[in-house]
Each structure stands twice: as C-alpha cells, then as structure tokens.
Amino acid sequence: MEKELPKIDLPEEWVIGTGISKELLNLYTNFPCRLKSEIFVLCMEGEIEASVNLNKISVKANDFVTIMPGSIFQIHQVNGNLKIYFGGFSSTYIEQATANRAILQTMFTTLGRPVYTLKPQGAQLLEEYFGFLIKLYEFFDSHKRKMITPYLYNNIHAGIAAMYMNPQEEKVALSKSEQICRDFTQLVMQKYNETRSVAWYAGKLGISQAHLCTTVKQILGHTCIEIISRMVIMDAKSQLKSTSLTIQEISDSLNFANMSFFGKYFKRYVGMSPLEYRNNG
C-alpha cells in the first residue's frame with residue numbers, strides 16, 4: 001500500500017503503510033516541513049540523512065524513528081534501495097486523546113533522540129507488526145478503524161516507551177552541562193514560537209543568562225540566539241512554503257510584535273523577505 005506522507009497532517013486518525021520511495025522523500029529536500037501529526041518510521045533497507053528540529057540524524061537498516069507532533073524535519077540525502085514502513089496519528093486525534101503515562105513517557109524519551117537502532121531480530125519482529133497493522137488497516141472500513149484507534153494509540157506508545165528505555169544507556173549519566181543543554185533545547189522546542197528571549201529561558205532553567213550562554217556554546221557549538229533563531233526560521237520557512245497562511249498570520253503565530261519586525265528578522269537570517277522566499281526561495 002503506497003501512501004504519500006502529507007506535509008502537515010495525516011488525512012485519517014491513524015495511517016499505516018509502506019512503499020515510501022526515494023522520489024517521494026526527495027520532495028522534502030527543498031525546504032523544512034513542520035508536522036502536526038506524530039510519525040513512526042521503520043527502515044529495513046537504504047539510508048536517509050535528515051534533520052529533526054536541531055539534530056541531524058542518519059537513518060539506516062534496523063533503525064526505528066519517532067517524530068513527535070510539532071517537529072520540523074528536512075531530508076538531506078537518500079541512498080540505496082529503500083524499504084521503509086511508516087505509521088502515525090493525526091493532530092485531530094492527538095489533541096483529543098488522553099495523555100496517559102506511556103504517552104508522556106514516549107514524548108520525553110524520544111525528544112532530541114528520535115532514532116533507535118534495533119537488533120536485527122527486533123527489527124524483523126517490528127516489520128511483522130507493521131505488516132499486521134497494514135492488513136488490519138486494509139481490512140477495516142474507516143468506521144472500524146476509528147473504533148480501534150484508542151487501543152492502538154496506547155499500545156504503540158507503551159511499546160515505544162519500553163523500547164527506548166535502554167537500561168544500558170540509562171547507566172550513563174549526563175554531565176551537569178549536558179543536562180543544561182538538553183533542558184534548554186527541549187524548552188526551546190516547546191516555546192520558540194512564544195519567546196526569543198535568552199534571559200527568559202535562563203530564568204525558567206534557574207541559572208544565569210551568562211552561565212546558560214557559556215554552557216550551550218561550549219557543549220553544542222552554537223549560541224543560544226542561534227539555536228532559538230534556527231527554530232523560528234525553520235518554522236517560518238515551513239509555513240511560507242507549505243501553508244496558505246498570510247505573512248501577517250505567520251508573524252502572529254511566531255509572536256512577533258508586527259509584520260515589519262518579522263520581515264526584518266527573517267531577512268537578517270535568510271537574506272530575503274518572507275514574500276520573496278514564498279515566491280522564489
């Protein structure tokens with residue numbers, strides 16, 4: 001069953017399938033895309049170089065990828081003959097679903113760490129599970145699919161949370177500086193469309209602005225401003241290219257004081273105005 005991955009959301013409460021081609025993925029190399037939906041990917045063959053939010057990732061055989069709602073991703077390169085399975089839940093369903101412990105655990109466990117490498121036996125079992133779900137999807141009509149969505153949603157998240165919680169990795173504690181950087185980037189991912197103030201982020205983390213800036217630069221190699229602006233610009237680019245929202249509406253969604261300020265901010269980092277990027281970028 002071949003299905004295209006929509007740029008913004010999924011057309012049904014849940015979708016499952018395979019047959020993702022190199023040609024389809026190459027459509028996502030031109031500009032970043034922000035997902036409202038939650039997407040899961042199992043790679044059995046081939047290799048994909050991509051970015052998810054602030055992180056560059058490499059996806060190869062036996063890798064499982066979890067991309068949470070609100071994530072911004074972009075494909076950089078696709079190599080080899082792909083064998084990809086994908087599934088996901090739409091924003092419409094996620095917004096009204098009950099966020100139980102397994103779901104919250106999945107969100108925090110996979111944030112900043114979207115790729116999990118399976119042993120070959122585990123990847124084969126997961127491939128069989130995807131195959132079963134594909135048959136289930138094709139067998140049921142849309143009404144029956146909706147009936148099983150809550151059970152599927154809970155079970156998949158419980159499985160992902162258990163899979164990502166690798167006891168061997170949990171023994172390796174993060175340094176204090178690494179923990180600050182992880183907390184900062186997670187907070188930026190949640191709040192970049194509300195505030196771009198480094199002082200605000202430092203306050204929320206309970207440390208001085210100077211300490212935050214020094215630590216982030218040393219560990220991540222980028223300034224706090226660079227990290228925040230990168231998220232803002234990626235989101236702006238995504239909305240300009242993949243939605244019909246007006247520039248004023250995009251400016252409002254990113255909490256700029258006015259459209260003029262948004263335009264100057266965008267041009268500073270991109271080298272052209274939002275309208276020029278939409279039309280020619």
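This report walks through some helices, a strand pair, the cysteines and a few single residues of a predicted model.

**Helices**

Let's start with helix H7, which covers residues 176-191. H7 has 16 residues, and the distance from its first C-alpha to its last is 22 Å. That is close to the 22 Å expected at 1.5 Å a residue. Which residues of H7 are buried? They are Ile 180, Cys 181, Phe 184, Thr 185, Gln 186, Leu 187, Val 188 and Met 189. If you have the structure open, the run from Phe 184 to Met 189 is a handy place to look, as those residues are on the buried list.

Next come two helices that pack against each other: H4 (residues 120-139) and H5 (residues 142-164). Two packed helices are described by the angle between their axes and the distance between the axes. For H4 and H5 the angle is about 165°, and the axes are 12 Å apart. Angles over 145 degrees count as roughly antiparallel, and H4 and H5 are therefore roughly antiparallel to each other. As for the handedness, the crossing of H4 and H5 is left-handed.

**A strand and its partner**

Strand S1 spans residues 14-18, and four of its five residues are buried, so S1 is largely enclosed by the rest of the structure. Who does S1 pair with? Its partner is strand S6 (residues 72-89), in the antiparallel sense and over five bridges. One spot to look up is Trp 14, whose bridge partner in S6 is Phe 89.

Just off this pair you can find Pro 11, in the segment before S1. Pro 11 counts as exposed, at 67% relative accessibility. Along the sequence Pro 11 and Ser 91 are 80 residues apart, yet in space their C-alpha atoms are 9.7 Å apart.

**Cysteines**

How many disulfides does the model have? The count comes to zero. Take Cys 224: its closest cysteine sulfur belongs to Cys 213, and at 4.1 Å that is too far for a bond. The cut-off that matters here is 2.5 Å between the two sulfur atoms. Cys 224 is also buried, with a relative accessible area of 2%. Cys 33 is another buried cysteine, with a relative accessible area of 1%.

**Two asparagines with a positive phi**

Most residues other than glycine have a negative phi. Asn 62 goes the other way, with a positive phi of about 75°, and Asn 255 has a positive phi of about 65°. Here they are side by side:

| Residue | Phi | Loop between | Relative accessibility |
|---|---|---|---|
| Asn 62 | about 75° | strand S4 (55-59) and strand S5 (63-67) | 19%, buried |
| Asn 255 | about 65° | helix H11 (247-253) and helix H12 (259-270) | 43%, partly exposed |

Is Asn 62 buried or exposed? With a relative accessible area of 19%, Asn 62 is buried, because the cut-off for buried is under 20%. Asn 255, at 43%, counts as partly exposed.

**One more contact along the chain**

Asn 255 follows helix H11 in the loop leading to H12, and H11 itself holds Ile 247. Ile 247 is buried, with a relative accessible area of 17%. Where Ile 247 and Pro 274 are concerned, 27 residues along the chain come down to a C-alpha separation of 7.2 Å.

Terms used
Residues numbered from 1 in each chain as written. Predicted model: local features only at pLDDT ≥ 70, side-chain atom pairs only at ≥ 80, totals over all residues. Heavy atoms only, no water. Expected span 1.5 Å × (residues − 1). Buried < 20%, exposed > 50% of the residue type's maximum accessible area, 1.4 Å probe, protein only. Pairing = 2+ DSSP bridges. Axes fitted to C-alpha atoms, helices over the stretch in contact; angles between N-to-C directions. Parallel < 35°, antiparallel > 145°, perpendicular 65-115°, else oblique. Left-handed = near helix turned anticlockwise from the far one by under 90°.
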